[in-house]
Amino acid sequence: MLKIRKVPLDTLRENVAVLAHDCVALRPEAFQAFKRLQVIDGNRSIIATLDVCHDGDMVKADELGLAEPAFSRLGLPEGTVVNIAPAPSPHSLNYVREKIDGQTLTQHQIEEVIHDIVGYRYSDMEIAAFLVGCAGFMSTQELLDMTRAMAGAGTTLDWPAPMVVDKHCIGGIPGNRTSMIVVPIVAAHGLTIPKTSSRAITSPAGTADTMEILATVDLSMSEMREVVGKTNGCLVWGGHVNLSPADDILISVERPLNLDTREQMVASILSKKIAAGSTHLVIDIPIGPSAKVRDANEAMRLRKLFEYVGDQVGLVIDVVITDGSQPIGRGVGPVLEARDVMAVLRNEAGAPEDLRDKSVMLSGRILDFDPNLRGGTGEERARELLESGAALKVMEEIIETQGRNDNPPEPGPKQVDICAEADGFVASIDCLRIAQLARISGAPLDRGAGLDILKRVGDEVRKGDPLFRIYSAGSAHFDLAVAAAEEDNGFAVGSHPFEQKAHTAP
């Protein structure tokens, strides 16, 4: 029995416990064969990875140190006396080994794996092993079982409306901030659209990061319901309402490994939508040479997976294949993307046309779900709601109800234009490289950082013409971004607008 103590270690997601090397209760070496220990107090318990500390000021001989995530999850005050015991590996790891060997898992086995992942009983290495096993082979039945298990592992929402609509893009295109325009258009029509979005993981901005420039996004479930009740829609961070928590854990491990299989993508997206209570969903799949999906055949296979799982779980799905050959809008980064969104909603003359047109098209596809709307008139209705100002009015109501940010940040004060090195036409823009440069500039943590795209594919340029502008708050990020842009700016300039010059990001 040891007294718990919070140690100033942020171990991100993993539970970590720390024993003093001279622990009075037992020798830390006794746990080496297990590597995990169970911390128990009555009905409360957590499983944590064990570390040993040689600093008596951090953890004393009669204490058990808990890193910040573990301390928060145990939920007990410092000084509480707890029991500790060796914790064997989760039984479900046997199923992970079977998956690595190429075997097909049952619904029960998948549910047990997801249950233990959500319970923080897996290390990142063990989660990675499961993801690698699934990337090797996954049947459509396993995909369906995985989607259902992930959807059922956290909070599930239900709404009084007979139709709950949503829209999701698979990502990979900088500046593609259509959700923040689609939601107010659809809500202004009268359909219920409770939009839960993610924060950026590898991109320069997620929808939640961009919406946070304008309003609070960390809403509780009751606050989210209040916003939707007043406005028909919301734009909130999904992580705060615990929708499909397994998805957030799996994504955080798979992204550094560059594991982004079609099956995992489908399970990730649809589990969140099921948990959010959606009944009808439009999915945007951009295709382009530097997008996540590179060609029409790949897009078709992905579309069929979405449709199969959607049919099985009762989701009405409309998959839209869109142009992902270049960034959408001008801004890349939270402040710059929020500026573009509001310019479209305000019908400003200089608003990005591609962002407006794509948002109206996607909104129209959602409105076509409405049985009270004449078939094929959804896009016309969406454009009417945008141009009349009805969508802007709803957006302002959403912002006000969620909690307006009265002091939104400005674009970064350190700015420089990256210019064309020769005369010609913009033949291609590398979406991946543009996203990398925006992140190097400081986005999304530096909310005013990012890029402004000043030229589009097909535009004529002269040597010295600005291609894009870099924004940063501090010199370190700014200097790195400028150096990276000088090495490779992501733009290929050819002698003819249709000359496709090969461009490879480093």
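Okay, let's start with a proline: Pro408 sits in the loop between helix H15, residues 390–402, and strand S13, residues 414–419. Before I go on, remember that this is a predicted model. So, is Pro408 buried, exposed or partly exposed? Partly exposed, because its relative accessible area is 38%, and buried would need under 20% while exposed would need over 50%. I also looked at Pro408 together with Arg356: 52 residues separate them in sequence, and C-alpha to C-alpha they are 23 Å apart in space.

Now the other proline I flagged. Which peptide bond is cis? That's the one from Ala443 to Pro444, with omega near 5°. You'll find Pro444 in a loop as well, running between helix H16, 431–440, and strand S15, 450–453.

While we're on loops, two asparagines. Asn232 isn't a glycine, yet has a positive phi, about 80°. Look for Asn232 in the loop between helix H8, 221–231, and strand S9, 233–237. Asn232 comes out at 25% relative accessibility, so we call this residue partly exposed. Then there's Asn347, again with a positive phi although not a glycine, this time about 60°. Asn347 belongs to the loop that links helix H12, 334–345, with H13. With a relative accessible area of 36%, Asn347 is partly exposed too.

That brings us to H13 itself, and to the sheet under it. The sheet is open, with three strands in the order S7-S10-S11, and the pairing is parallel. S7, 165–169, and S11, 316–323, are the edge strands, each pairing on one side only. On average, neighbouring strands here are turned by 20° against each other, ignoring direction. Between S7 and S10, which covers residues 280–287, there are five bridges, in the parallel sense. If you want one pair to click on, Asp166 stands opposite Leu281 in S10.

What packs on this sheet? One answer is H13, residues 353–367, which touches S7, S10 and S11 and makes about 160° with the direction of S11. Helix H10, residues 262–275, also lies across S7, S10 and S11, and runs at about 160° to S7.

Let me stay on H13 for a second. The helix has 15 residues and reaches 21 Å from first C-alpha to last, close to the 21 Å expected at 1.5 Å a residue. And which residues of H13 are buried? They are Leu355, Lys358, Ser359, Val360, Met361, Leu362, Ser363, Gly364, Ile366 and Leu367. Yes, there's a lysine in there: Lys358 is on the buried list.

Next, the barrel. Six strands close up in the order S1-S5-S2-S4-S3-S6, and the pairing is mixed. Neighbouring strands in the barrel are turned by 45° against each other on average, direction ignored.

Let's zoom in on S5, residues 63–66. How many bridges join S1 to S5? Four, with S1, residues 2–6, running parallel to S5. Two of the partners are worth showing: Lys3 is bridged to Glu63 in S5, and Lys6 has Leu66 as its bridge partner in that strand. With S2, residues 16–20, S5 pairs in the antiparallel sense, over three bridges. Here Leu19 stands opposite Leu64 in S5.

As a reminder, in a regular strand the side chains alternate between the two faces of the sheet. In S5 both faces are covered: Glu63 and Gly65 are buried on one side, and Leu64 and Leu66 are buried on the other.

Last stop, a helix pair. H2, residues 93–100, and H4, residues 124–136, have axes that come within 8 Å and cross at roughly 35°. The crossing of H2 and H4 is left-handed. So who meets whom? From H2 we have Leu93, Val96, Lys99 and Ile100, and they meet Glu126, Ala129, Phe130, Gly133 and Cys134 in H4. Sorted by class, this contact of H2 with H4 has six nonpolar residues, one polar and two charged.

That's my tour, thanks for listening.

Methods:
Residues are numbered from 1 along each chain as its sequence is written. This is a predicted model: local features need pLDDT of at least 70, side-chain atom pairs count only at pLDDT 80 or more; totals for chains, interfaces and linings use all residues. Side-chain values use heavy atoms; hydrogens and water are left out. Axes are lines fitted to C-alpha atoms, for helices over the stretch in contact, and angles run from 0 to 180 degrees between N-to-C directions. A crossing is left-handed if the near helix is turned anticlockwise from the far one by less than a right angle, and right-handed if clockwise. Contact means heavy atoms within 4.5 Å. Ala, Val, Leu, Ile, Met, Phe, Trp, Tyr, Cys and Pro count as nonpolar, Asp, Glu, Lys and Arg as charged, and the others, Gly among them, as polar. Two strands pair if DSSP finds at least two bridges between them. The expected span of a helix is 1.5 Å times one less than its number of residues. Buried means under 20% relative accessible area, exposed over 50%, partly exposed in between (1.4 Å probe, protein chains only).
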